[in-house]
Amino acid sequence: MKKFDYMEKYGYEQLVFFHDESTGLKGITCIHNTTLGPSLGGTRLWNYETEEEATLDVLRLARGMTYKAAASGLNLGGGKSVLIGDPEKVKSEAYFRAFGRYVQTLGGRYITAPDVNTSAKDMKFINLETDSVVAIPEKSGNPSPATAWGAFHGIRASLKEKFGDDDISQYTYAVQGAGQTGDFLIGYLREANAKKIYFTEINDKHIEKIKKKYPDVEFVDPDDIYGLEVDVFAPCALGAVINDKTLKKIKAPIVAGTANNVLEDEDKHGKAVQDQGILYAPDFVINAGGLINVSHELTGYEKKKAFNEIEQIYDRLLEIYQVAKEDKVTTTQAAKIFAERRIERIDKIHANYIKK
Ligand code: NAD
């Protein structure tokens with residue numbers, strides 16, 4: 001791939017390759033945009049088949065973080081790291097400390113966090129070498145309750161947009177996936193007296209857990225979740241669950257959940273859901289609760305303050321729905337426009353020098 005052409009096309013700032021011989025560490029950090037503040041994004045450990053594949057992944061993921069942070073109202077930019085290796089073999093204290101030292105060389109321009117195959121425990125090792133790391137176990141902890149809290153308020157905003165009323169108790173819900181975020185989301189919906197909740201799962205342990213914890217929440221088979229006559233379909237499992245096959249079945253007028261990359265093809269299926277009269281809550285906005293939560297570690301973590309900020313996902317989604325209507329675009333395109341406008345506006349106000 002022509003890296004500079006790609007970086008120029010999408011406005012990347014920096015792409016850094018690093019290697020540590022003693023631990024076998026091999027990785028890439030990408031900083032997409034730091035107009036709003038230091039870039040923040042997780043570290044993904046994956047056995048990439050080629051360097052090309054790893055490079056493309058880090059570039060794509062870093063750019064996604066720019067949109068996510070900007071649309072979430074955070075003063076953070078977008079960045080990401082990928083480490084190339086077998087997660088079963090490479091992990092050790094020295095490995096993550098070696099990585100932490102490379103993060104430190106970026107002088108605060110990039111802050112790391114857990115992602116696929118890296119955990120809060122690994123962040124503790126990184127933290128021994130750099131302060132540019134969040135999601136330390138003793139600080140904000142597990143992000144899942146925060147992510148679900150944001151999705152809960154995003155669902156309220158979507159109800160308001162669709163029906164003019166955001167009272168959770170008046171509506172019915174179908175939650176796909178009852179792992180970390182799905183479990184918490186079901187809990188929040190129940191506390192708000194949801195009229196009816198259905199859930200689906202493929203993991204027997206999780207099915208039993210939910211049945212025991214919430215006997216009134218009804219289990220349905222994985223294939224049956226799409227066709228339910230409910231007001232909200234909440235994807236909280238895998239990506240790409242809105243596709244040509246499932247769209248034909250979906251009856252819910254709202255799709256809003258915690259999962260990433262819900263639309264198999266962002267443009268095609270974004271337009272298709274809209275044409276079908278479905279309101280789609282853009283994933284990177286509605287599931288930003290975890291990111292907002294960890295970002296509070298940078299200024300001293302207080303759960304109440306973080307959760308209050310997460311609730312603002314409600315107002316943000318309503319603004320994005322407004323952009324979609326005004327600009328006649330899909331809600332995902334509107335979220336990107338919303339993020340780009342914020343970056344442009346903040347960039348402009350910094351054009352003149354003022355001593356801080
Ligand atoms: P998780 O692994 O804890 O839970 C996902 C659950 O979905 C699992 O229990 C799994 O068995 C179930 N599942 C998988 N395929 C299924 C299927 N076809 N039908 C029904 N259930 C199925 O993951 P999580 O942390 O809850 O994350 C869920 C989604 O939210 C992911 O897409 C993740 O990227 C996204 N997300 C999570 C967070 C967070 O804070 N955890 C933050 C942002 C985005």
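What follows is a chat about how a few labels on this predicted model are earned.

Colleague: Let's start with the overall layout. What does the domain assignment give for the protein?

Modeller: Domain 1 covers 3-64 + 77-127, and domain 2 covers 144-341. The C-alpha centres of domain 1 and domain 2 lie 28 Å apart.

Colleague: Now the helices. What makes α6 oblique to α7?

Modeller: The axes of α6 (residues 144-163) and α7 (residues 180-191) cross at roughly 50°. Angles under 35 degrees would count as roughly parallel, and 65 to 115 as roughly perpendicular. Roughly 50° fits neither range, so α6 is oblique to α7.

Colleague: And how do the axes pass each other, in distance and in hand?

Modeller: They come within 8 Å, and α6 passes α7 in a right-handed crossing. On the α6 side, the contact includes Trp 149, Phe 152 and Ile 155. From α7, the residues taking part include Phe 184, Leu 185 and Tyr 188.

Colleague: On to cysteines. Why is Cys 30 called buried?

Modeller: Cys 30 has 0% relative accessibility, and buried means under 20%. So Cys 30 counts as buried.

Colleague: What about Cys 236, buried or exposed?

Modeller: Cys 236 has a relative accessible area of 8%. The cut-off for buried is under 20%, so Cys 236 is buried.

Colleague: How many disulfides does the structure hold?

Modeller: Zero. To count, a pair of cysteine sulfur atoms would have to be within 2.5 Å.

Colleague: Where does Ser 72 lie, and what makes it buried?

Modeller: Ser 72 lies in the loop between α2 (51-71) and β5 (77-84). Its relative accessibility is 1%, and buried means under 20%, so Ser 72 goes down as buried.

Colleague: Which residues does Ser 72 touch, not counting those up to four places away in sequence?

Modeller: With those set aside, Ser 72 touches Phe 284, Ala 288, Ile 292 and Arg 316.

Colleague: Last one: how do you know that Met 123 is buried?

Modeller: Met 123, in helix α5 (residues 120-127), has 0% relative accessibility. Set that against the under 20% cut-off, and Met 123 counts as buried.

Colleague: Which residues is Met 123 in contact with, leaving aside its neighbours within four places in sequence?

Modeller: Among them are Thr 112, Ala 113, Pro 114 and Thr 118, along with Val 133 and Val 134. As for Trp 46, 77 residues apart from Met 123 along the chain, their C-alpha atoms are separated by 16 Å.

Conventions. Residues are numbered from 1 along each chain as its sequence is written. This is a predicted model: local features need pLDDT of at least 70, side-chain atom pairs count only at pLDDT 80 or more; totals for chains, interfaces and linings use all residues. Side-chain values use heavy atoms; hydrogens and water are left out. Domain bounds come from an automatic or database domain assignment. Buried means under 20% relative accessible area, exposed over 50%, partly exposed in between (1.4 Å probe, protein chains only). Axes are lines fitted to C-alpha atoms, for helices over the stretch in contact, and angles run from 0 to 180 degrees between N-to-C directions. Helices (H or I, at least four residues) and strands (E, at least two) are DSSP runs, numbered from the N terminus. Angles under 35 degrees count as roughly parallel, over 145 as roughly antiparallel, 65 to 115 as roughly perpendicular and the rest as oblique. A crossing is left-handed if the near helix is turned anticlockwise from the far one by less than a right angle, and right-handed if clockwise. Contact means heavy atoms within 4.5 Å.
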